[in-house]
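Work through the exercises below with the sequence and the model at hand. Try each task before reading its solution.

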Protein chains: 4
Amino acid sequence: MPAQSTKLKLVADNAAQQTDPVAQYQRVRRLTNALTEPLSDADATVQSMEDASPAKWHLAHTSWFFETFLLRDHLPGYRAFDDDFAFLFNSYYEAEGARHARPQRGMITRPTLDQVRDYRAHVDTAMETVLASDDPAVRDLVTLGLNHEQQHQELLITDIKHMFAQNPCFPAMWENDGQTSIPAPLQWCEEQGGRVAIGHDAEQDGFAFDCEGPQHGQLLAPFAIASRPVTNGEWRAFIADGGYSDHRHWLSDGWAWVKENEIEAPLYWQHADKDWQHFTLTGLQPLDDDAPVTHISLYEADAFASWAAGQWEGARLPTEGEWEYAMRDQDRNAGQQLDAAGPVHAIMPDSDTEMTAPFGSVWEWTGSAYRPYPRFRSAEGAVGEYNGKFMSGQFVLKGGSCATPRGHMRASYRNFFYPHQRWQFTGLRLARDI
Amino acid sequence: MPAQSTKLKLVADNAAQQTDPVAQYQRVRRLTNALTEPLSDADATVQSMEDASPAKWHLAHTSWFFETFLLRDHLPGYRAFDDDFAFLFNSYYEAEGARHARPQRGMITRPTLDQVRDYRAHVDTAMETVLASDDPAVRDLVTLGLNHEQQHQELLITDIKHMFAQNPCFPAMWENDGQTSIPAPLQWCEEQGGRVAIGHDAEQDGFAFDCEGPQHGQLLAPFAIASRPVTNGEWRAFIADGGYSDHRHWLSDGWAWVKENEIEAPLYWQHADKDWQHFTLTGLQPLDDDAPVTHISLYEADAFASWAAGQWEGARLPTEGEWEYAMRDQDRNAGQQLDAAGPVHAIMPDSDTEMTAPFGSVWEWTGSAYRPYPRFRSAEGAVGEYNGKFMSGQFVLKGGSCATPRGHMRASYRNFFYPHQRWQFTGLRLARDI
Amino acid sequence: MPAQSTKLKLVADNAAQQTDPVAQYQRVRRLTNALTEPLSDADATVQSMEDASPAKWHLAHTSWFFETFLLRDHLPGYRAFDDDFAFLFNSYYEAEGARHARPQRGMITRPTLDQVRDYRAHVDTAMETVLASDDPAVRDLVTLGLNHEQQHQELLITDIKHMFAQNPCFPAMWENDGQTSIPAPLQWCEEQGGRVAIGHDAEQDGFAFDCEGPQHGQLLAPFAIASRPVTNGEWRAFIADGGYSDHRHWLSDGWAWVKENEIEAPLYWQHADKDWQHFTLTGLQPLDDDAPVTHISLYEADAFASWAAGQWEGARLPTEGEWEYAMRDQDRNAGQQLDAAGPVHAIMPDSDTEMTAPFGSVWEWTGSAYRPYPRFRSAEGAVGEYNGKFMSGQFVLKGGSCATPRGHMRASYRNFFYPHQRWQFTGLRLARDI
Amino acid sequence: MPAQSTKLKLVADNAAQQTDPVAQYQRVRRLTNALTEPLSDADATVQSMEDASPAKWHLAHTSWFFETFLLRDHLPGYRAFDDDFAFLFNSYYEAEGARHARPQRGMITRPTLDQVRDYRAHVDTAMETVLASDDPAVRDLVTLGLNHEQQHQELLITDIKHMFAQNPCFPAMWENDGQTSIPAPLQWCEEQGGRVAIGHDAEQDGFAFDCEGPQHGQLLAPFAIASRPVTNGEWRAFIADGGYSDHRHWLSDGWAWVKENEIEAPLYWQHADKDWQHFTLTGLQPLDDDAPVTHISLYEADAFASWAAGQWEGARLPTEGEWEYAMRDQDRNAGQQLDAAGPVHAIMPDSDTEMTAPFGSVWEWTGSAYRPYPRFRSAEGAVGEYNGKFMSGQFVLKGGSCATPRGHMRASYRNFFYPHQRWQFTGLRLARDI
């Protein structure tokens, strides 16, 4: 999931996992609808910053994807719902022509939320015919469209959260469900590394985005990785120890970012009396000290690791390869992931294994820049636009979060954001040399 | 009506014109409601630029005024509708405490439009008791509050227009009513000037804002003033003659503004084939060549006058004193002014006299900086906050516009904006030395 | 003297005062040379902000003026010293063609200071023939060029001061000469006003810039004006009383300027232990409490007057007309003005009359916007470019300063700057209604 | 060599190569002096952009390094030349205390160039004693100081070039020496890759900066690398083919950069009639079509490679590991590198081997982000400040340039800049998958 918006990614294979395309399509589309159900027309329209998009835009853009790449291209005689929508709801596909400027998305009060919902229904009806197709190209595009929509489900949640956070009254989107963390002691899990296979294996596995491959070998030195993400309680200690005011822990760009923006805590943390609270989708809440820290930038993650090296020698961020290798046997469908519309906030879940929360809860920053794997090639045309074009200046995150739809995740998944961005559910898990 | 928002201005006297305070109060408040009737929740929430405010904010802020200065201060036992609203809907009264940052007004999706309408109804009900008061201080504050609300009615219209103009689909707020201009030939009306009285006479006239006085003498040299405002047709000629690309016509600051913003026509003019159209509250429309040009900055008005001096020697903007003196006998309630909710666009109205559209249609830029009249003093406290504080960098406009509520205008009225601003219905009327 | 650089102004008449054009020319040109004598090549090249110009640029630009309007236009066969110089050293005369961008002036390390000095000498030699001319047009242009150069002498001083102030080592340009102020008690001088003549009388007086006329009548109500400018000591009291943190004293734009720039004292004031020092052309120095406060913006001047109204009811800035009328009989050549190169810092001079420092010491902000006098017209062509074009957004200052060359000043003189600018020797003198 | 200025890097060992420390010290220091010999005081003072520093600053900063880490710490009784200099000429060592703001470096007209030269001489004299020391820590610091100064020699040249390029008269620093390129046909050199050793081997090799190690294994797939860098002639073809206007070739950030800055050619290329010229240290010159293209950003390099893939399938930037491995047997001291003060401009040199210009001529962008090698640790204290802290957002460049002092380069060298920066002598060499 991208800074610029969910980047469209290529289907690597037409996996057999789609046992029932219609059911799968409906499940995904209905979850999107459910997530926006509590929103007013205004909630769905306002854009809180250039990085974020209005909920209405997400609703329409994901439908535009199906309308354009499936209905227009594969349903003879299909008529566009509204000719203006291609301009309004294309995200960044240059090949698809002119589009509305991203920072102006919040100016579009018309079409209304209800009209956009009609648009979704219109597309869903027209898709019924397409979903019956046996054409592998069509099925691949449907799979791609659904994975694309799942990415936007997560962005929907984080963009709405950011927008509500601008309101000094701190509105709540859902009632608190009382879920809390299971305290998990920190342990170091050792790996001997060596020559390991990294990336998605197009021959065997199911769907993946193009940037997850080709699978290739990497050399890993022995390392240890923490059994759970860093917690809010540990982050309090970092703050209390002057972590945000000691330049020695920070990347140079990070230090400049701290100074310029007067950063002193994760995003959404608020001073409350002598303690901290944080803004969530259920309003302002006390901090859960056992929960994974979230809404931190790569700069903060890196500074924390540097500070933590005072306690655990050589503590650092894992590389992408280390993370993927260490989690190779973990259940990608376990953990705290998005199953239904409702209060989304990161907790430390219970775990059956030594490893806690490898998938779900919070995205984990790695120390790896987001760059192409060896022999990676972008595909041709608009659908192939692009993962490649976002491969500068960003870092990779792994493992998904509490806002990632269950089923969307895998070890080879490469999420990426700029090092200062932190409105996603971003956290970290430490690694060390051994 | 101010750049920063409608500035609160002092009641100069408790004029007897309020024959029926309740009827008057209801008339004003209902017009505000009617103006926002066509708006969706999203339309009423989005803020299109820092200079503008969301419609919802105007609805709430004008009510906050009555709640604060009348209900809180003069209705024993009154309980605020919502304790957060004072923070959200105070505009710029420093004495009234902290307030929500102006550029963030568009983030407030909650309260909803319906909740703000409830707030208005709640205030209106509570005001019934207050409106029965005979206390002159109370009656003065009510008059002030209603004049304040009328200013916001005009801002409501211009702010909505600006917001809709950001939408590439150009939504219409109302149906076009087909009103068109009556062509009016340009004539020069001569005045001998001499020592004249300028400003509002607190002893005799009705309500006025504090900055309109004290009345004082000015010396005017003989001058002529045009019988009507400059038209769209004349402005086309200015453009066709290279008016926007000849530095000689422009103030130095204006030329920099033209270059930086690539200005080539009034705000809302759009290229359409080989002609111009302009965006209005009824959507994109052909230009009415006989209508007064509008949505121009002081810089453009001044450059036009300089260019027009090639045709009429010594053409220039009138001073505020000249304008006020020349219009002293005109009917301030005549002309195209706001009577009801409906399509608002400037036309050249018919005229019974030699002078066309002295009041209404478009605000007319003068060449006078907005500075205090001799012996002007700001009043004490929040209500006296302020006209004085806006008296730097702005120019005076006279005469009201098609969006000014009828009854709100008079010759001494001093509207003011920065010289680059043009989202109000701003135009110009030429003057010359004789 | 202008924000954008010294604006070229029209000769109003070819006054007979130039008894010896050659001597007068040499006197002015040599003073310019002497003022820059202490500068290194680097000192003369660096530009400290967009508002300021490098000393080398002033040296060359004033010569370019003579080269262009006298030598090129009135000396047959004259060859330009260097063809690049017209591009590099034109200031803002659009009619004279393309020119080097103002903010890039500090990039011009070549030509060197020595080469620019050669340029001056070259122009001076060529001017000998022109100075012998009896052609009134030529004599008027020479007078204009010398007045233009005098304006740049003052800018040279203030621009160098600003540049040195950026150096944390606070270099001194000259040795301190030990001059200190003569304490002067504040008295109020009353004027009855009435109909008075304001502006330069082209029929009788000597040289003036075009914007100083036409002479015209103004009506002045009775007023009092202070016998001396506000002092550093009084400014300390303003600061101590919280003047910079009480919004009630400030224009709205001024308050925003204070907040954004964290203003807490006049420009060049520095905290030193528990006291203040200020940077001068002789380095950091203790404050002279009896000296006129200087390096203040219009915003600060206006806020001080508002604060002072607590002590003197109705205290305010004088209007331009009041100031000019009150000083009509004062000796414009008396007071602390620039006679020779050497330490320039404002003091309160001794006075023979009731009025102290009406001319010299510090420029005095008025409450008048810089706008044209009635029937003012700009002249044709490049030399007539322009005073008119600077007539928006700026305020008038009167009376000259310690950096104004003696002989350059008169009561009708209209200096102008934007309300936030304060790198000139700007101060204020209070007025009141009576 | 860094964006933020030459970053201080740790000595990896006290290599025996320093056969005569005094001679080596003098050789490096004298070259710095010679490079700045043609500069005027002003040339040496002005700062042309935030990324660059004045020549005077480089002269002083490199001396401050020796004064601080050698003289202050290792020469008993040493007195600082000037106590202000530590503040003025520290670059970014937070541990060494407060320092002058980088963007303000161009304001420091005092000390003068001559005073800074005196400072250098003073330090050189005092260093004589230190250079005689046998203390390995001292010898390591001297080696570090000299490598640090060599980095600043290159920055000196590129910063001066950038400053002169701002002058519309395009001054020349040196006379053109007539050196031109030897045309070299493009060939593809194949490598089988496999498990290879990358990075500096601290046990065996000489001096290196800390970030060049630890040496470690990488897996390389088979690849081919071009026998020479991309040429100006090839770049013309890229431009002619619309390379700067076809979004498909560009990284998303790169495309935004092109649009915002209206980029249409490498830095310093100028339209000249219907052809291109480029600004060099010998002034404006015709393009040498056989010379390596230079002054390009990573974005441009990447876009070129994408475009070139139309001709050579799979063309792309090499990774850092590929580049280092492919050049492992090349002579690091051969090619066009800096030997003496004189005209510096990139040419295609003659070559004895299949590989042309592996070292020297132009820095070659790689596709690798600048991140730490496995088990890299920053050292303690100010000298260890830092390479680590610059490891976000930047890309690695390899091979040195025509402005890199001969002897300073090696295959493991890691230069790094942000992807938009291009005022260094930056070029590219293509690679391909095979």
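The exercises concern symmetry, interfaces, one buried helix and one sheet.

This is a predicted model, in which local features need pLDDT of at least 70 and side-chain atom pairs count only at pLDDT 80 or more, while totals for chains, interfaces and linings use all residues. Residues are numbered from 1 along each chain as its sequence is written, and chains are lettered from A and ligands numbered from 1 in the order in which they are written.

**Exercise 1.** Determine which operation lays chain A on chain D.

*Solution.* Superpose the copies by least squares on the C-alpha atoms of residues with pLDDT of at least 70 in both. A turn of 180° and a shift of 0.1 Å along the axis bring chain A onto chain D with an RMSD of 0.0 Å. That is the relation of a two-fold axis. Next, locate the axis: A:G393 is the residue of chain A that comes closest to it, at 2.4 Å (C-alpha).

**Exercise 2.** Describe the side of chain A that touches chain D.

*Solution.* Count contacts first (C-beta atoms, placed from the backbone, within 7 Å): 23 residues of chain A contact 23 residues of chain D. Then assign them to elements, which are DSSP runs numbered from the N terminus (helices: H or I, at least four residues; strands: E, at least two). β3 (216-220), α7 (252-261) and β8 (363-369) of chain A each supply at least two residues, and β3(A) gives the largest share, three residues. By class, this side has eight nonpolar, eight polar and seven charged residues; Ala, Val, Leu, Ile, Met, Phe, Trp, Tyr, Cys and Pro count as nonpolar, Asp, Glu, Lys and Arg as charged, and the others, Gly among them, as polar. Finally, 100% of the interface residues of chain A are also interface residues in chain D, so the copies meet through the same surface.

**Exercise 3.** Is helix α8 (residues 298-308) of chain D buried or exposed?

*Solution.* Call a residue buried if 20 or more other C-beta atoms, placed from the backbone, lie within 10 Å of its own, exposed if 12 or fewer, and partly exposed in between. In α8(D), 11 of the 11 residues are buried, so the helix is largely enclosed by the rest of the structure. Among them are D:Y299, D:F304 and D:W307. The cover includes α6 (232-240) and α7 (252-261) of chain D.

**Exercise 4.** Give the strand order of the open four-stranded sheet in chain D.

*Solution.* Two strands pair if DSSP finds at least two bridges between them. The order is β1-β4-β13-β8, with antiparallel pairing. β1 (188-191) and β8 of chain D are the edge strands, each pairing on one side only. β1(D) and β4(D) (residues 223-226) pair over four bridges, and D:E190 stands opposite D:A224 in β4(D).

Definitions and conventions: Two residues are in contact if their C-beta atoms, placed from the backbone, lie within 7 Å.
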